[in-house]
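Biologist: Please take a close look at one part of this model, the empty space in it. I would like to know what surrounds that space and how the neighbouring elements pack.

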Amino acid sequence: MLVRAARGETVPRPPVWFMRQAGRSLPEYLKLREGTAMLDACMDPGLVVEITLQPVRRYGVDAAIFFSDIVLPLKAVGVDLDIVPGVGPVVAQPVRTLADVEAIPDLEPEHVGFVTEAVRGLVGELGPTPLIGFAGAPFTVASYLVEGGPSKEHAKTKAMMFGAPDVWDALLRKIAGIAATYLEVQVAAGASAVQLFDSWAGALTPADYAERVLPHSARVLERAGRLGVPRIHFGVGTTNLLGLMGEAGADVVGVDWRTPLATAIGQVGDRAVQGNLDPTLVFAPTEVMLARAAEIIDAGRAAKGHIFNLGHGVIPSTDPDQLKRLTEFVQTYEPTG
């Protein structure tokens with residue numbers, strides 16, 4: 001159903017899954033991860049299979065999302081980085097020069113053999129439930145490499161983008177190649193759709209995004225398009241970029257919670273949309289959460305296709321039972337009148 005909705009085909013209801021449905025909000029995940037570092041877990045095929053399956057079992061969602069991290073391909077090619085609890089990805093030697101970019105190897109499928117093994121195992125376990133593969137978009141991954149870790153201002157990233165355009169272009173070309181190969185590996189092993197996460201693209205103006213970022217994201221999505229699977233493109237705070245993100249090559253544009261879905265539908269053109277319940281609404285009374293979900297489902301009927309999701313990832317302190325109620329509501333909702 002998810003694949004058909006993503007392609008704009010008629011489906012009886014919107015399929016539902018949640019970004020970050022696998023992981024930190026699930027007690028079974030926390031128990032399984034005890035004593036295992038994040039990136040170590042991402043490189044253990046057995047753990048990846050089990051963690052990816054946990055929310056499918058618990059919620060009955062219409063798709064699984066491959067458990068990994070957007071910096072994993074960098075780790076796989078030898079970049080010295082780690083995911084620090086409570087901080088996020090931290091890079092030991094931030095990128096500053098063309099030589100730094102050239103020192104980053106291209107990703108080859110053999111670098112991520114554990115991904116191929118995990119995806120094949122998942123496809124066998126999931127049966128008809130589709131698996132979504134994913135990668136980090138060039139701008140967002142570049143921001144970690146340039147800043148050395150998470151950043152609110154992206155000052156060093158923008159300084160490179162404006163002040164050293166040759167280094168910037170080389171870096172984004174490098175990341176685009178890595179991301180595209182990473183998606184190709186996942187699809188070759190059996191993933192049914194892919195999502196490109198550009199979490200920090202909302203830090204850009206439309207003009208800067210169009211000139212300095214979009215062409216690189218387009219390279220990733222163009223190569224993914226050759227694989228014959230639907231492509232979802234998602235960013236945070238991207239109200240003013242939604243049309244451009246669609247033009248980059250998306251079949252589905254993910255919409256964060258800040259943008260009314262009806263507004264987004266008018267911006268993305270002849271494309272499906274994904275989203276976009278505010279993740280904090282799972283902490284509201286159930287009836288409030290479900291009423292807002294109904295509004296989103298109703299608005300989504302005007303789109304070429306609609307995949308129900310949160311407008312960003314599941315918050316760690318989320319009550320899993322609320323997500324179960326939300327899933328069941330989306331799967332059974334019928335409009336009145």
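Modeller: Helices (H or I, at least four residues) and strands (E, at least two) are DSSP runs, numbered from the N terminus. On that basis the chain has 16 helices and nine strands, and its C-alpha atoms fill a box of roughly 60 × 45 × 35 Å along the principal axes. The model is predicted, with local features needing pLDDT of at least 70 and side-chain atom pairs pLDDT 80 or more, while totals for chains, interfaces and linings use all residues. Numbering runs from 1 along each chain as its sequence is written, and side-chain values use heavy atoms, without hydrogens and water.

The largest pocket (an open set of points on a 1 Å grid over the protein atoms alone, with protein on both sides within 12 Å along at least five of seven lines) has a volume of about 1100 Å³. That volume is the space filled by probe spheres set on the points, which are joined across faces, edges and corners. Its lining (residues with an atom within 4 Å of a point) counts 34 residues, and those closest to the centre are R20, R24, M38, D69 and I83. I83 falls in β2. Three elements, α2 (27-33), β2 (81-84) and β3 (88-91), each give at least two residues to this lining; α2 gives the most, with three. By class (Ala, Val, Leu, Ile, Met, Phe, Trp, Tyr, Cys and Pro nonpolar; Asp, Glu, Lys and Arg charged; the others, Gly among them, polar), the lining holds 22 nonpolar, eight polar and four charged residues. R20, R24 and D69 are among the charged ones.

The second largest pocket contains about 290 Å³ of space. V11, R13, P14, R301 and H306 are the closest to its centre among 17 lining residues. Eight of its lining residues are nonpolar, five polar and four charged.

Enclosed space is another matter. A search of the whole structure gives one cavity (points where a 1.4 Å probe fits but cannot get out) of 30 Å³ or more, and about 60 Å³ of space lies in the largest cavity. Its lining consists of I70, P73, L74, A135, G136, V141, I175, I178, A179 and Y182. Elements giving two or more residues are α5 (72-77), β4 (131-136) and α10, with α10 supplying the largest share, four. Nine of the lining residues are nonpolar, one is polar and none is charged; the polar one is G136.

Helix α10 (residues 165-189) leads on to the helix packing. It packs with α7 (residues 113-126) at an angle of about 35°, the axes being 8 Å apart. Axes are lines fitted to C-alpha atoms over the stretch in contact, and angles run from 0 to 180 degrees between N-to-C directions. In the contact (heavy atoms within 4.5 Å), V115, T116, V119, R120 and V123 of α7 meet Y182, V185, Q186 and A189 of α10. This contact has six nonpolar, two polar and one charged residues. Y182 thus appears both here and in the cavity lining.

Helix α7 also packs with α4 (residues 45-59), at an angle of about 40° and with the axes 8 Å apart. From α4 come P45, V48, V49, T52, L53 and V56, and from α7 come F114, E117, A118, G121, L122, E125 and L126. Nine residues of this contact are nonpolar, two polar and two charged. The charged pair is E117 and E125, both from α7.
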